[in-house]
Amino acid sequence: MNQAQIKVLVVDDQFLIRAGLVGVLRAAPGIEVVGEAGDGAEAVELAAATRPDVVLMDIRMPGMNGITATERILAEAAEPPPRILVLTTFDLDEYVYGALRAGAAGFLLKDSGPERLLAAVAAVGSGDALFAPSVTRRLVEAFAVRSGAAPAGEPPPDLAALTGRELEVLKLIARGLSNAEIADRLYISEATVKTHLNRTMNKLDLDTRAQAVVIAYETGLVTPGGSGI
């Protein structure tokens, strides 16, 4: 598990917060801090230069904000692109919703303790597409309708390429279920869930599980407050 270090770029315009994050990360085994940035433009430059595995991205910064920086970093990154973990002061933040739409893998509250920070970096760095899926689902529910979500009903044309089973998996992902919980609900293996999810994301040209949650709400496949399948 420790043969490779997780390379992390820390982005925050407040020096003390940034220094605190860097201190926690540098003290942890298996993590290498490859750079610090105080704004979005600097983050884009450093991401290209250092090729981190994970970017801890503040959202509200003067100049280029974290949403724009996330879009730029992911658009310009070589394969594999870094995983963007958004930092925010409160969980129902419309800026975070925008970042998830732009391709961020998940988000973390700034008042989280060191253990939570390290767990989030490890999860995202190892390829987990979403940290705290139930919280992300609440965030998406809160803002999907405002962004013009389609009414519920038949699967929308955007999702017409998906099979019935892929639609079932996508619905449950949007409800915040883990792969293990989906496997249990549908009486299939976790490996099969991952296969359906990978095919779904390829067909819809998505990079993260968070984007899958967003598109499920915005297309009307699921609706805020609705029940699962």
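**Exercise 1. Salt bridges across the fold**

Task: Find how many salt bridges a search of the whole structure gives, and work out which parts R18 and E36 tie together.

Solution: The search of the whole structure finds 7 salt bridges, a salt bridge being a side-chain nitrogen of Lys or Arg within 4 Å of a carboxyl oxygen of Asp or Glu. This is a predicted model, in which local features need pLDDT of at least 70 and side-chain atom pairs count only at pLDDT 80 or more, while totals for chains, interfaces and linings use all residues. Residues are numbered from 1 along each chain as its sequence is written, and side-chain values use heavy atoms, with hydrogens and water left out.

Step one is the pair itself: the side chains of R18 and E36 meet in a salt bridge, with 3.3 Å from N to O. Step two is to place both residues: R18 lies in helix α1 (residues 15–26) and E36 in strand β2 (residues 31–37), so the salt bridge ties together parts that are 18 residues apart in sequence. Helices (H or I, at least four residues) and strands (E, at least two) are here DSSP runs, numbered from the N terminus. Step three is accessibility, where buried means under 20% relative accessible area, exposed over 50%, and partly exposed in between (1.4 Å probe, protein chains only). R18 counts as buried at 14% relative accessibility, whereas E36 counts as partly exposed at 31%.

**Exercise 2. Two further pairs and a network**

Task: Establish where E76 and R72 lie, and which helices hold K203 and E166.

Solution: E76 forms a salt bridge with R72, and their closest N and O atoms are 2.8 Å apart. Both residues lie in helix α3 (residues 66–76), 4 residues apart, which is about one turn of the helix; R72 is partly exposed, with a relative accessible area of 36%.

The side chains of K203 and E166 also meet in a salt bridge, at 2.9 Å from N to O. K203 lies in helix α9 (residues 190–204) and E166 in helix α7 (residues 164–174), so this pair ties together parts that are 37 residues apart in sequence. K203 counts as partly exposed at 40% relative accessibility, while E166 is buried at 2%. As a last step, D12, D58 and K110 are joined into one network by salt bridges that share partners.

**Exercise 3. Strands and crossovers**

Task: Trace how β1 is joined to β2 and to β3, and then how β3 is joined to β4.

Solution: Two strands pair if DSSP finds at least two bridges between them. Strand β1 (residues 6–11) runs parallel to β2 and is joined to it by 6 bridges, with L9 standing opposite G35 in β2. The chain crosses from β1 through α1 to β2 in a right-handed β-α-β crossover, right-handed meaning that, with the strands pointing away from the viewer, the path from the first strand over the helix to the second runs clockwise.

Strand β1 is also joined to β3 by 4 bridges, again in parallel, and here L9 stands opposite V55. Between β3 and β4, which run parallel, there are 5 bridges, and M57 stands opposite V86 in β4. The chain passes from β3 through α3 to β4, and this β-α-β crossover is right-handed. As for cover, 5 of the 5 residues of β3 are buried: V54, L56 and D58 point one way, and V55 and M57 the other way.

**Exercise 4. Backbone details in the loops**

Task: Identify which peptide bond is cis, and say where R51 and Y187 lie.

Solution: The cis peptide bond joins E79 and P80, with omega about -10 degrees, and P80 is in the loop between α3 and β4 (83–88). R51, which is not a glycine, has a positive phi of about 50 degrees; R51 lies in the loop between α2 (40–50) and β3 (54–58) and is partly exposed, with a relative accessible area of 45%. Y187 has a positive phi near 60 degrees and is found in the loop between α8 (179–186) and α9, where Y187 counts as exposed at 78% relative accessibility.
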